[in-house]
Structure formats: C-alpha cells, structure tokens
Amino acid sequence: MHSQLATPQVERVEMDELPCWRVKTATAELLVAEQGAQVLSYQRNGEAPLIWLSEQAGFRRGQSVRGGVPVCWPWFGDLTRNPPAVQAMRQSTGPAPAHGEVRNLDWRLLDIVKDSGSVSLAFELVRPAGGLPHWPHAVDLNLAIRLDERLTLCLTSHNRDDHPVALTQALHTYLALGDIHQVSLEGLDGQRYIETLENWEERRQQGELRFTGETDRIYLGTPPKFTLRDPAWGRRIHLAASGSHSAIVWNPWIDKARRLSQFADDAWQRMLCIETANVLDDAVELAPGKSASLAFSLWSGPL
Ligand SMILES: O=P(O)(O)OC[C@H]1O[C@H](O)[C@H](O)[C@@H](O)[C@@H]1O
C-alpha cells in the first residue's frame, strides 16, 4: 500500500453539487472544494480528523459548507464591526454578507505540483466582471494549499488597482477535537482580546483558555504559535501562523448550535474554530501593486 502512494494522488470527485479535489499522500488525506477554495477535511492516516466537517454539511452551489476552512475576505464577520477604512471599500450601505463575499464563489484550480512527499494546489478566485458585489476593486486573490507532514494554507491578496485597498480576512479553521470540555488552548496568556459576547469589551487573557460556555473572542497582538491540548484524543494540535497578529476563537456551545445551519445540536462538543486572521487593528492596507499573505500550518503531536 505504502509504495502505491509514494507519489501522491489527486483526483476530482463530486460532493453532491460541488466539484472537489481529493488528495492522498502516504500519510494523509485532504478534501478541497473548488467553490470557495474551501478545505473540507484533513486527516492523517490512523488518526482522528484534524479538521472538522459537519456531519450535516450540505454541498450546494452558492452556500458555504459548515466546517473545513472557509476563506473570509475582503472583510471578516459583520462589516459594520470593521474599521472605517474597510467599511468604506464597499459602495453600498445595504446589508453585507457575514465574512465577505468569496467563501461561496467559484475559484479555479491553477496548478497541482507533486513530489514524493508533498502536494501543492494553487487556487485563484474567479473575480466577477466589475468586481465583487458593491466592491469594485481589482484585487487578485490566491490560495496555496500544501500537504506534506503538515497542512499549510497561504492566502495572498495582490492589489492590481490604482488606489489603496483596506481589508480584513481570516482562514476560518474548524478544528476537530475529542471533547471541548477537556481541551485547553495554550499560547494566549497575557494577550488582549475583545469579548464580542459582552459588548465587545477589551479584556486580557490569564493563563490557558478553557471552554465552559459560548466563546466568541478576537485576540489581538497574537503570537505566531498556538497549541490545543486534547486529552480525549490524546494529542496536541499545533497551529503556526504568519502574516497575522489576530485570531478568533469560537465555539457556539448549546444554544447557538441550535440556531446554526448545517450543524447538529451536539456538534459543538467536537469542534473549535481558531481562525488565523487580520482583523480590527490588524487590518491589511494594500498600496497599489502590493501584495500581502496570510498563512497557517497545522500538525499534530503527542500530549
Ligand atoms: O455562521 P457563519 O456565518 O459561518 O459564522 C460562524 C461564526 O464565525 C466566526 O467565528 C464568528 O466570530 C462567529 O460570531 C460566527 O458565528
């Protein structure tokens, strides 16, 4: 078996309405939807999944899939909570979709590069003629996905326009875990955060983060590395970011889980989002001709 996969395999598969790419190496398997360039799942052989995909996920055109790694761009979350310069890029005061415009658009696979131990896929957003709805700025958006002993995603924005562009963004990673009640997130001690569930008050993290209720926080000035201890599955998940000094930590807990689309009532116990971001005072300002990249790598290790 091992020798068959000495060269990684990439095959096109359909998940209901969505064309996807399934990637297999000797040690791991990855599934990516072309829509949204959305990583849907990632699992290392013999291990529980590292990236969570909802058992109620729907694979429909025009609808982001619950789970995986949705790309939030050119704004994160509620546009009205974004810095004024980011809000000003949208030329309409009408309601704006949460998390921007690209997670349910078509992307195009540009390239597949394989060697004996790795596969890289390069996706590009198919920018609609005239730009995104009410967002007429010529910014190219690419997502590079590399699978080797780790999974690495790198989102690059390139401003092809003649004026500066301000944006916020996130790689909205849904991590899979054994039991949310037992996990702890290390690496945030002493960090500032915005408690979005309490009037967006600014607070400071003390010690490791544990989960006892709905959590929706924006950490600012974040370090490049986080570790999630998951005793139930006997492992740590390591996440290393670059080009990012902010991160969202989200778990909907019981009540919000019931209101979420494509989400089983008890699924909050088995997932946690740690979203590698550029939000609030970490927003990106791109001068004409300039590019910026946001990236993370994910891997697992012993407890
Ligand atoms: O339901 P969605 O639009 O995919 O958003 C899911 C979640 O994304 C982020 O983590 C936000 O901080 C949450 O407030 C939001 O509920």
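The following paragraphs describe the fold, the nonpolar core, the ligand shell and selected residues of a predicted model.

The predicted protein contains two helices and 23 strands. Its mean pLDDT is 97, with 98% of the residues reaching 70 or more, and the model carries an ipTM of 0.98 together with a pTM of 0.97. Measured against the rule for a compact globule, which for 303 residues gives a radius of gyration near 19 Å, the protein agrees, because its own value is 19 Å. The C-alpha trace spans about 55 × 45 × 35 Å along the principal axes. Of the 303 residues, 40% are buried, and among contacts with a separation of 6 or more, 66% are made by residues 24 or more positions apart.

The largest nonpolar core comprises 79 residues, within which L30, V32, V39, I51 and L175 touch the most other members. In soluble globular proteins, nonpolar side chains tend to be buried together. The surroundings of V39 illustrate how this core is connected: with neighbours within four places in sequence left aside, V39 is in contact with L30, V32 and I51, as well as with G68, V69, I145 and L153.

The shell around the ligand consists of G77, A98, H99, D216, I248, W250, L260, C273 and E275. Two elements, strand 20 (246–251) and strand 21 (271–278), each give two or more residues to this shell. By residue class, the shell divides into five nonpolar, two polar and two charged residues.

One member of the ligand shell, H99, also stands out for its backbone geometry, since its phi is near 70°, a positive value in a residue other than glycine. H99 is located in the loop between helix 1 and strand 7 (107–115); despite this loop position, H99 counts as buried, because 23 other C-beta atoms lie within 10 Å and the threshold for burial is 20 or more. A positive phi near 55° is likewise found at W200, again a residue other than glycine. W200 is placed in the loop between strand 14 (192–195) and strand 15 (201–204), and W200 is classed as exposed because it has 11 C-beta neighbours inside 10 Å, where 12 or fewer suffice. A further backbone feature is the cis peptide bond that joins W73 and P74, with omega about 0°; P74 belongs to the loop between strand 6 (71–72) and helix 1 (84–87). Most residues other than glycine have a negative phi, and most peptide bonds are trans.

Three further residues illustrate the buried, partly exposed and exposed classes. Q35, in the loop between strand 3 (28–33) and strand 4 (38–44), has 24 C-beta neighbours inside 10 Å and therefore counts as buried. Leaving aside neighbours within four places in sequence, Q35 is in contact with L18, R61, N104 and D106. The C-alpha atoms of Q35 and G67, which are 32 residues apart in sequence, lie 14 Å apart in space.

E195 belongs to strand 14 and has 14 C-beta neighbours inside 10 Å, so that this residue counts as partly exposed. Beyond its neighbours within four places in sequence, E195 is in contact with E201, R203 and R217. Between E195 and Y219, a sequence separation of 24 residues corresponds to a C-alpha to C-alpha distance of 8.8 Å.

A287 lies in the loop between strand 22 (284–286) and strand 23 (291–301), where 10 C-beta neighbours inside 10 Å place this residue in the exposed class. Apart from neighbours within four places in sequence, A287 is in contact with N159 and P164. The C-alpha atoms of A287 and A57, which are 230 residues apart along the chain, are separated by 38 Å.

Key: Residues numbered from 1 in each chain as written. Predicted model: local features only at pLDDT ≥ 70, side-chain atom pairs only at ≥ 80, totals over all residues. Core = buried A, V, L, I, M, F, W, Y, C linked by C-beta atoms within 7 Å. Contact = placed C-beta atoms within 7 Å. Helix = DSSP H or I, 4+ residues; strand = E, 2+ residues; numbered from the N terminus. Near = placed C-beta within 6 Å. Nonpolar A, V, L, I, M, F, W, Y, C, P; charged D, E, K, R; others polar. Rg over C-alpha atoms; globule rule 2.2 N^0.38 Å. pLDDT = per-residue confidence, 0-100.
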